[in-house]
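This note is intended for a colleague who has the sequence and the coordinates at hand. The points below may be read alongside the displayed structure.

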Amino acid sequence: MQALSAGLASALFAFALLCGAASPAAFADEQAAPVQADGASAEGEGEAGASGDGEGASGASSVDSDPSNKVDVTQRADSSFIYETDIAELSEQAELFDRQTVQVSGEAVGDIVAASDPDYRWVVIMSTEKSSYAEVTVYMTAKQAALIDTLGRYNRVGTILQVTGTFYEADPELEGAQNVRATSVSVLAPGRIEADEFDPLSFAGGAALLVCGFALLFGFNYVRERQR
C-alpha cells in the first residue's frame, strides 16, 4: 500500500512538472503573436509613408522640371515706372536726387526766360502744396514751354505742369545751375484768372472805427457847448 501511494505521488509530481513547463511556453507564444502583428502593421504604415513620400517627391520633381517656372537671373529690373517727387524734397535733399530721373508737378510762375540756346527756355514751377512755396527751375524746349497758357502771379493761377527729366544739383553744362532737364512736359490743368470777390465783412473794422470817430467828435462838441 505504501508503495502504491509513493508511485501515485511521484506520478502526480511528474504531471505537475510537465504542466508547468508547457504553460510558460504557451504564454510566450501568445505574447509574441501581438508583437509580430504590431510589427507587421508598423511595416505596412512605413511602406505606405514611403509610398506617400515617393508621390510627394514625384510631384515636386514635376514642378521643378517645368521650364516655365525657372527664374531668368539675367533679366534686368523694370525702371520705367517713376514715383512722383515733391519739389520741396529736391531742395532739401539735392545730393540724394542728383543726376536721377525725377517726376515733379507744380504751377508755372514768374516769367519764361530765353536760354542761351534759342531753342530752349527756363521755367520756374512752384509746389502746389498750400503749406509749401518750394520752387525748382526747369530747362525745357521752346515747344514744351509753349504749352504754358498762364503764368502764376497776383490774381492768376499758372498752368499746372507735370515734368519728367534729370535733376542736377549743379549742372556742369549750364554754369552749375540747379535744375531739371525736362525730357517730357504735360499739362495737368490749364491756368486761370481769379478775380477778387467783394467781401463786405472786410470793411467792417473800418466802418466801426469811423462810427467811433464821429461819436467822439459829437461828444466833444456837445461838452464844449455845455461849458459856454
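1. A residue is called exposed when its relative accessible area is over 50%, buried when that area is under 20%, and partly exposed in between. With a relative accessibility of 69%, Tyr 133 therefore counts as exposed. This residue belongs to the loop between strand 2 and strand 3. Its C-alpha lies 8.1 Å from that of Ala 88, although Tyr 133 and Ala 88 are 45 residues apart in sequence. The reader should bear in mind that the model is predicted.

2. The overall make-up is as follows. The protein contains 5 helices and 7 strands. Their order along the sequence is α-α-α-β-β-β-α-β-β-β-β-α. The chain has 228 residues, of which 21% count as buried.

3. Strand 1, which covers residues 100-114, has two pairings to note. With strand 2 the pairing is antiparallel and comprises 5 bridges; here Ala 114 is found opposite Arg 121 of strand 2. These two strands make a hairpin, and 5 residues separate them. With strand 5 the pairing is again antiparallel, over 8 bridges, and Val 104 faces Val 163 of strand 5.

4. Strand 2 (residues 120-126) and strand 3 (residues 135-141) pair in the antiparallel sense through 7 bridges. Within this pairing, Trp 122 stands opposite Tyr 139 of strand 3. The loop that holds Tyr 133 lies between these strands.

5. How many aromatic pairs are counted? The count is 2. In one of them, the ring centres of Tyr 120 and Tyr 139 are 4.8 Å apart and the ring planes stand at 0 degrees, so this pair is classed as stacked. Because Tyr 120 lies in strand 2 and Tyr 139 in strand 3, the contact ties together parts that are 19 residues apart in sequence. As to accessibility, Tyr 120 is partly exposed at 29% relative accessible area, whereas Tyr 139 counts as buried at 10% relative accessibility.

6. Trp 122 and Tyr 139 also form an aromatic pair, with 4.8 Å from centre to centre and 55 degrees between the planes; this pair is tilted. Trp 122 is part of strand 2 and Tyr 139 part of strand 3, so the pair joins parts that are 17 residues apart in sequence. Through these ring pairs, Tyr 120, Trp 122 and Tyr 139 are linked into a cluster. Trp 122 and Tyr 139 thus appear both as a ring pair and as residues that stand opposite each other across the strands.

7. Which residue of strand 6 is the bridge partner of Tyr 139? The partner is Arg 181. Strand 3 and strand 6 (residues 177-189) run parallel and are joined by 2 bridges. Arg 181 is also the bridge partner of Thr 166. In addition, Arg 181 is placed over the face of Tyr 168, at 5.4 Å from the centre of that ring.

8. Strand 5 (residues 160-171) runs antiparallel to strand 6, and 10 bridges join the two. They form a hairpin with 5 residues between the strands, and in this hairpin Glu 175 adopts a positive phi near 60 degrees. Strand 5 is paired with strand 1 as well, over 8 bridges.

9. The largest pocket has a volume of about 150 Å³. Its lining is made up of Glu 107, Val 109, Met 126, Thr 128, Gly 152, Arg 153, Arg 156, Val 157 and Ile 160. Strand 1 and strand 4 (156-157) are the elements that contribute two or more residues to this lining. Sorted by class, the lining holds 4 nonpolar, 2 polar and 3 charged residues.

10. For inspection of the model, two places are suggested. One is the cluster of Tyr 120, Trp 122 and Tyr 139, together with Arg 181 as the bridge partner of Tyr 139. The other is the lining of the largest pocket, to which strand 1 and strand 4 each give two or more residues.

Key: Residues numbered from 1 in each chain as written. Predicted model: local features only at pLDDT ≥ 70, side-chain atom pairs only at ≥ 80, totals over all residues. Heavy atoms only, no water. 1 Å grid on protein atoms, 1.4 Å probe; cavity = no way out; pocket = protein on both sides within 12 Å on 5 of 7 lines; lining within 4 Å. Points joined across faces, edges and corners; volume = space filled by probe spheres on them. Helix = DSSP H or I, 4+ residues; strand = E, 2+ residues; numbered from the N terminus. Nonpolar A, V, L, I, M, F, W, Y, C, P; charged D, E, K, R; others polar. Phe/Tyr/Trp six-rings, centres within 6.5 Å; stacked < 30°, edge-to-face > 60°. Buried < 20%, exposed > 50% of the residue type's maximum accessible area, 1.4 Å probe, protein only. Lys NZ or Arg CZ within 6 Å of the ring centre and 35° of its normal. Pairing = 2+ DSSP bridges.
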